[in-house]
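Me: I have a model open and want to check the labels people put on it. Can we go through them one by one?

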Amino acid sequence: MSKRLCAEFLGTFWLVLGGCGSAVLAAAFPELGIGFAGVSLAFGLTVVTMAYAVGHISGGHFNPAVTVGLVAGGRFPAKDAIPYLIAQVIGGLAAGAVLYLIASGKAGFDAGAGFASNGYGEHSPGGYSLTAAIVCELVLTAFFLIVIHGATDKRAPAGMAPLAIGLALTLIHLISIPVTNTSVNPARSTGVAVFQGSWALEQLWMFWVVPLIGGIVGGLIYRCLLEKE
């Protein structure tokens, strides 16, 4: 278990540092920013690379919603869920701390301006309402779990799961960055919200509750409708 938890810590750390780091440091870099498309790809690449690196050790969850969704789908033992969630949150917080140290090395940096945090209403990048944010996070997390279950099904092509899952996360970000800055991952949201320190913490409840529900919905859909009898 200790090796599995270490793998989950490292994977979540890499996801938050790579994805949120690209948003904070590179998305709007003067004259040569990577923009929404680049940030979306960065999140997908973190999952692909770490799923190949440590997925064979822990299963490569890197996300509390994925862990809970796999429990709902019958793919992961419920007794191991809490240790996984703790390791993921600690990994996200550690990445947030490293990113804060890097970003604060530039004059004028202000984490309160956003720090890649997730939000709705006035804190949504596109000004989307709480209702829109809930629907977006719920549906996209559910489909993310359907992809994960399907890509790791014994009937799926061997060795291709990390690519399918990483591309799914890229697509999810392409859809939803304007709506919520894309969470579908409570550990990712927590890792930066703590350092933003104000409105992101006030809205963090949504980015725990809704992705966890979405993960359960996706896991149950695959288990009940698509899993081989």
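Reply: Sure. From the N terminus on, the elements run α-α-α-α-α-α-α-α-α, which comes to 9 helices and 0 strands. Helices (H or I, at least four residues) and strands (E, at least two) are DSSP runs, numbered from the N terminus. Mind that this is a predicted model, where local features need pLDDT of at least 70 and side-chain atom pairs count only at pLDDT 80 or more, while totals for chains, interfaces and linings use all residues. Residues are numbered from 1 along each chain as its sequence is written, and side-chain values use heavy atoms, with hydrogens and water left out.

Me: What makes the protein chain as compact as a globular protein of its length?

Reply: Its radius of gyration, taken over C-alpha atoms, is 16 Å, close to the 17 Å that the globule rule gives for 229 residues, so the label fits. That rule is 2.2 Å times the number of residues to the power 0.38. Along the principal axes, the C-alpha atoms fill a box of roughly 55 × 35 × 30 Å.

Me: Why is helix 5 called oblique to helix 9?

Reply: The axes of helix 5 (residues 130-151) and helix 9 (residues 206-226) cross at roughly 40° and come within 7 Å. Under 35 degrees counts as roughly parallel, over 145 as roughly antiparallel, 65 to 115 as roughly perpendicular and the rest as oblique. The crossing angle therefore makes helix 5 oblique to helix 9. The residues of their contact divide into 16 nonpolar, 7 polar and 1 charged; here Ala, Val, Leu, Ile, Met, Phe, Trp, Tyr, Cys and Pro count as nonpolar, Asp, Glu, Lys and Arg as charged, and the others, Gly among them, as polar.

Me: How do you know whether Ser124 is buried or exposed?

Reply: Buried means under 20% relative accessible area, exposed over 50%, partly exposed in between (1.4 Å probe, protein chains only). Ser124 has 6%, so it is buried. This residue lies in the loop between helix 4 (81-103) and helix 5. Leaving aside neighbours within four places in sequence, Ser124 is in contact (heavy atoms within 4.5 Å) with Gly119, Pro178 and Val179.

Me: And what puts Gln203 in its accessibility class?

Reply: Its relative accessible area is 9%, so Gln203 is buried. You'll find Gln203 in the loop between helix 8 (199-202) and helix 9. Not counting residues up to four places away in sequence, Gln203 touches Asn118, Gly119, Tyr120 and His123. Chain-wide, buried residues make up 50% of the 229.

Terms used: Axes fitted to C-alpha atoms, helices over the stretch in contact; angles between N-to-C directions.
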